[in-house]
Amino acid sequence: MIAKMKFVNITGPKSDIDRVTREYLLRYPIHLENALTELGDTHSLTPFIEDNPYKEPAAALREMARLVNHQDPDSLPAKKIAPDVLDTAKKLIDSITQHSSQLAKKQEELKAEETHYVRLLGEIAPFRGIPFPIAKILDFHFIKFRFGRIALNYFDTFSKYVYDNLDTIFYESSRDSEYVWGVYFAPQSTFVKVDAIFASMHFERIRISDEVTASPAEAYTGVSKSLEDVRRRITQCSLELSNIYYEHQKEINEAYAALRVLCDNFDIRKKAACTREHAEVFYILCGWMEAHDAQKLAREMEDDSQVSLLVEEEYTSPTTSPPTRLKNRGIFKPFQMFVSMYGLPAYNELDPTKFVALTYAFMFGVMFGDVGQGACLVIGGFLLYHFKHLNIAGIISFCGLFSVFFGFMYGSLFGFEHVIPTIWMKPMDSENMMTTLILAVVFGVILIIAAMLIQIINSIRQKNIGSALVGTNGLTGLIFYLIVIYIVVTKLLPAMGPTRFMALLTVLIIVCLFAIAFAEPLKARINRKRFTLSEGRVMFVTEAVFELLEVLLSYMTNSISFIRVGAFALSHAGMMSVVMMLSDIENSTTPAGIIIVIFGNILISALEGLIVGIQVLRLEYYEMFSRFYSGTGHEFKPYGSSGR
């Protein structure tokens with residue numbers, strides 16, 4: 001059902017809005033509308049403009065809370081909010097920020113030092129094979145040197161053809177698959193020549209930092225220890241940074257939870273308008289409440305001199321329609337998911353949830369009738385719905401009840417057809433196949449008629465008499481459909497005798513077809529509205545004729561579409577008979593046969609259950625909803641904790 005709504009106006013001094021929000025609006029679900037938009041014809045209204053002092057501190061604390069909590073910070077419960085919570089929160093943020101900034105600066109310095117040591121190790125590593133100190137090399141006066149690397153192919157050429165004829169010594173330190181690292185020495189007098197020859201061999205000079213004075217191996221060991229020490233200090237600094245937040249975890253959580261509530265409450269100003277009366281400014285809030293909540297709130301506010309509440313019995317909004325709040329209980333509640341997927345009903349529409357629940361579960365049971373498999377759906381769905389609160393699980397459990405019921409009707413238990421007695425019939429028996437398909441179509445016809453009746457009721461509730469009387473799904477469409485069904489039945493069942501009143505029925509069919517073809521101008525005339533042709537009369541009549549043909553085709557296809565209900569009942573029984581045949585368990589019980597039966601039941605329950613569920617939903621949406629349901633409503637979104 002759709003909850004009955006009342007429109008309320010709440011007014012009070014501007015400075016009192018936070019108290020009213022805290023004491024009243026957080027306890028009663030109210031769908032707030034923008035007061036400026038709703039009361040826009042009043043020129044004295046102005047927006048409620050005020051900076052939110054809680055926004056930035058709340059954002060900062062949220063980041064801190066995200067670091068120290070494994071759960072979503074927004075799920076933290078808010079305890080009693082102290083009057084000085086904002087000042088306390090700012091002091092907490094300043095304290096943590098100051099301490100963390102110092103540690104962050106220290107960490108950046110250590111990371112820069114780490115980068116330096118890593119670069120230095122990269123320079124030294126290839127020359128660890130040189131055993132003498134770098135400082136002694138630097139003290140040479142008559143000998144010059146170069147550290148570097150040379151490609152392996154050039155080094156081989158240099159060693160064979162050049163090295164023996166050159167006044168130089170090359171000391172190899174290390175090599176890999178591409179390069180040879182080392183240092184060459186030459187007398188100062190011939191160094192220019194030697195340097196040029198090494199350059200022609202693509203020798204790449206590598207400069208060693210002045211910090212390296214010992215041998216490269218000793219220097220590498222020393223720098224490695226320094227790097228290890230720096231990284232240990234970086235880790236220590238990171239732990240201290242984390243500990244800052246963890247040490248204040250409780251204060252951070254409490255402060256953020258409180259500021260989040262205050263921040264959200266402050267945002268109510270976006271929905272409010274202000275008006276001035278003499279020297280004092282008043283706020284105005286307006287919105288929709290359930291009728292019983294509006295009455296309770298009015299009684300509570302009677303003794304509050306700072307606030308006044310006006311409940312409007314019949315209110316027509318200039319900008320929007322009342323919001324829709326579905327209130328179905330028990331097993332019908334999960335089926336609200338299917339209704340919402342298509343679109344919420346408008347406020348003055350019938351809630352189709354119960355209709356969907358009963359028809360969906362009934363068709364599911366017909367198509368998937370098995371006592372054992374249905375019982376598994378009931379139990380499994382119930383447990384998931386109870387512990388995980390999954391709507392789809394509740395739907396599965398309810399549909400499982402109908403599967404169990406039709407399982408008894410068909411005499412089927414986990415695919416075994418002779419374990420329990422058959423109360424009604426077995427769909428796969430040759431004499432029952434056609435009956436099953438015909439009954440499915442008959443059931444579909446009944447549902448289509450029910451959908452048309454709901455459309456007529458909806459149109460009357462919406463005071464759209466034209467739509468209720470004429471059109472594809474109006475009274476004329478219903479009469480036409482019933483007449484055609486009557487004629488078809490009398491032709492198929494000779495025992496009923498010839499069709500009586502054929503002349504009268506023919507006239508009614510012609511009148512109904514005319515009303516369906518020219519429904520739009522007729523609706524406008526009945527509702528006393530103006531109808532204007534967008535194109536010429538000839539084009540309008542042509543379109544009306546083609547649309548009429550489409551409507552006639554849709555009557556037939558929609559009715560026949562329900563044959564799939566019977567087809568899936570046959571399909572389910574057929575697939576289970578294949579499992580029984582493969583297992584041969586009815587003739588001899590073997591381990592292989594038992595395994596085939598178990599896995600066959602699991603596979604068919606999962607695969608066919610999914611397909612049947614989708615097919616039934618398709619029938620609901622395309623064959624029934626399209627006839628009576630608009631789904632143009634907008635959701636009731638209550639402000640405050642009751643809506644979160």
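On a 1 Å grid over the protein atoms alone, a cavity is a set of points where a 1.4 Å probe fits but cannot get out, and lining residues have an atom within 4 Å of a point. A volume is the space filled by probe spheres set on the points, which are joined across faces, edges and corners.

Before we dig in: this is a predicted model, where local features need pLDDT of at least 70, side-chain atom pairs count only at pLDDT 80 or more, and totals for chains, interfaces and linings use all residues. Residues are numbered from 1 along each chain as its sequence is written, and side-chain values use heavy atoms, with hydrogens and water left out.

**Exercise 1. Find the cavities of 30 Å³ or more and describe the lining of the largest cavity.**

Step 1: search the whole structure, and one such cavity turns up. Step 2: get its volume, which comes to about 30 Å³. Step 3: list the lining, namely Ile124, Phe127, Ile134, Phe147, Ile208, Val212 and Pro216. Step 4: sort these residues into classes, with Ala, Val, Leu, Ile, Met, Phe, Trp, Tyr, Cys and Pro as nonpolar, Asp, Glu, Lys and Arg as charged, and the others, Gly among them, as polar. The split is seven nonpolar, no polar and no charged.

**Exercise 2. Work out what the side chain of Arg627 pairs with.**

Step 1: place Arg627 in helix α22, residues 591-628 (helices are DSSP runs of H or I, at least four residues, numbered from the N terminus). Step 2: check for a salt bridge, meaning a side-chain nitrogen of Lys or Arg within 4 Å of a carboxyl oxygen of Asp or Glu. Arg627 has none although it is buried, and the nearest side chain of opposite charge, Glu623, sits 6.4 Å away. Buried here stands for under 20% relative accessible area, exposed for over 50%, and partly exposed for in between (1.4 Å probe, protein chains only). Step 3: look for other partners, and you'll hit the side chain of Asn473, in polar contact at 2.7 Å (a pair of N or O atoms within 3.5 Å; within protein, one must be able to donate a hydrogen and the other to accept it, and residues adjacent in sequence count only if both atoms are side-chain atoms).

**Exercise 3. Say which parts the salt bridge of Arg27 and Glu300 ties together.**

Step 1: confirm the pair, whose N to O distance is 2.5 Å. Step 2: locate both ends: Arg27 is in the loop between α1 (17-25) and β2 (31-33) and Glu300 in helix α10 (residues 291-301), so the bridge links parts 273 residues apart in sequence. Step 3: check accessibility: Arg27 is partly exposed at 45%, and Glu300 is partly exposed at 32%.

Key:
Helices (H or I, at least four residues) and strands (E, at least two) are DSSP runs, numbered from the N terminus. Lys and Arg count as positive and Asp and Glu as negative; His and the chain ends are not counted. On a 1 Å grid over the protein atoms alone, a cavity is a set of points where a 1.4 Å probe fits but cannot get out, and a pocket is an open set with protein on both sides within 12 Å along at least five of seven lines; lining residues have an atom within 4 Å of a point.
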